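Subject: Handover of a structure and notes on it

Dear colleague,

I am passing on to you the structure below, together with an account of what was found in it. Please read the notes with the structure open beside them.

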Amino acid sequence: MKIWLASSNKGKRKEFENLLADLPVELHGPEELSYYTSPEENGDTFIANARIKAKYLAASVNEGWVLADDSGLECEGLNNMPGIHSARYAGDKASDAENVAKLLKMIKLRTNNRKARFVCALVAIDPNGQEYVFEGELKGSIASKQMGTGGFGYDPIFIPDNHEQSLAEMTSAEKNRLSHRANALKLFKEELRKHL
Ligand code: IMP
């Protein structure tokens, strides 16, 4: 079964590959479509943005499933920012390092509350055009400084509840046992198994 994954983020892509490795699926990406340009993510929720990406890619392919993820980090003490703006928190073309630096600075300036959660919304569209929505979360807190070099995005400053290491200090297998993406994908995989 082919799954077209609407994401070009290499960190996410790798996680999807690992998390789907136990199913007989072939992952494909929009980079294989020479005519493809990414849609504007102008929704105001994770689900709305995942739906925009899924529908846009589904209109460009005519076989298999389409799967889109929209994810981000919500910090309680910052009114749930950066949220849907996580990828561009420090500016349109911001690097992971710039986003992390801005978040550490904002927390230091604005709040003592370091509670946070990662959220992952998945929108899947099956070969008949039916849509499915799944959500996963991972609760934790924001570290006072970067810890570790693994993973991507905000992993070096996120410590899951009941753990001492940041996500960037864990192996990818450890992160994939707990993550918001893994939790959402578990639900997707249950649905997919019904169709295999
Ligand atoms: P999206 O590609 O628009 O969904 O943006 C997601 C952004 O949220 C990423 O660029 C990261 O900054 C952040 N993010 C989402 N999931 C993770 C994760 O598992 N670890 C670290 N950062 C993440």
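The notes that follow take up the ligand, a helix, two buried residues and a loop in turn.

Please keep in mind throughout that this is a predicted model.

The ligand and its surroundings

The ligand is surrounded by 18 residues, and the closest of these are Lys-12, Asp-155, Lys-175, His-180 and Arg-181. Three polar approaches can be described individually. Asp-155 places a polar side-chain atom 2.6 Å from a nitrogen atom of the ligand. For Lys-175, a polar side-chain atom is 2.7 Å from an oxygen atom of the ligand. In the case of Arg-181, an N or O atom of the side chain is 2.8 Å from a nitrogen atom of the ligand. On its own the ligand would expose 490 Å², of which the protein buries 93%.

Ser-179

Ser-179 belongs to the loop between helix 4 (172-178) and helix 5 (180-193). Its relative accessible area is 0%, so Ser-179 is buried. The side chain of Ser-179 comes to 3.3 Å from the backbone nitrogen of Arg-181, a residue that is also among the closest to the ligand. A polar atom of the same side chain of Ser-179 lies 2.9 Å from the backbone nitrogen of Ala-182.

Asp-69

Asp-69 is part of strand 3. With a relative accessibility of 0%, Asp-69 counts as buried. Its side chain makes a polar contact with the side chain of Ser-71, at 3.4 Å. Leaving aside residues up to four places away in sequence, Asp-69 touches Lys-12, Phe-16, Ala-50, Lys-53, Cys-120, Ala-121, Leu-122 and Arg-181.

Helix 2

Helix 2 comprises 13 residues, 46-58. At 1.5 Å a residue helix 2 should span 18 Å, and its end C-alpha atoms are indeed 18 Å apart, which agrees. Which residues of helix 2 are buried? They are Phe-46, Asn-49, Ala-50, Lys-53, Ala-54 and Leu-57. These residues cover an arc of only 135 degrees around the axis, and therefore lie on the same side of helix 2. The general background is that an α-helix has 3.6 residues a turn, so residues three or four places apart point the same way. The buried residues of helix 2 pack against strand 1 (2-5), helix 1 (10-19), strand 3 (65-75) and strand 4 (115-125). Two of them, Ala-50 and Lys-53, appear among the residues that Asp-69 touches.

The loop between strand 3 and helix 3

Most residues other than glycine have a negative phi, and most peptide bonds are trans. Against that background, this loop deserves your attention. Asn-79, found in the loop between strand 3 and helix 3, has a positive phi, near 50 degrees. Asn-79 is exposed, with a relative accessible area of 72%. Asn-80 is found in the loop between strand 3 and helix 3 as well, and its phi is positive too, at about 70 degrees. At 41% relative accessibility, Asn-80 counts as partly exposed. Pro-82 also lies in this loop, and the peptide bond that joins Met-81 and Pro-82 is cis, with omega about 0 degrees.

Arg-110

Finally, Arg-110 is located in helix 3 (residues 96-110). Its relative accessibility is 60%, so Arg-110 counts as exposed. The C-alpha atoms of Arg-110 and Leu-78 are separated by 7.3 Å, although the two residues are 32 residues apart along the chain.

With kind regards

Methods: Residues numbered from 1 in each chain as written. Predicted model: local features only at pLDDT ≥ 70, side-chain atom pairs only at ≥ 80, totals over all residues. Heavy atoms only, no water. Helix = DSSP H or I, 4+ residues; strand = E, 2+ residues; numbered from the N terminus. Expected span 1.5 Å × (residues − 1). Buried < 20%, exposed > 50% of the residue type's maximum accessible area, 1.4 Å probe, protein only. Arc of directions from axis to C-beta. Contact = heavy atoms within 4.5 Å. Near = heavy atom within 4 Å. Polar contact = N/O pair within 3.5 Å; in protein donor to acceptor, adjacent residues only side chain to side chain. Areas by Shrake-Rupley, 256 points an atom, 1.4 Å probe, with all protein chains shown as cover.
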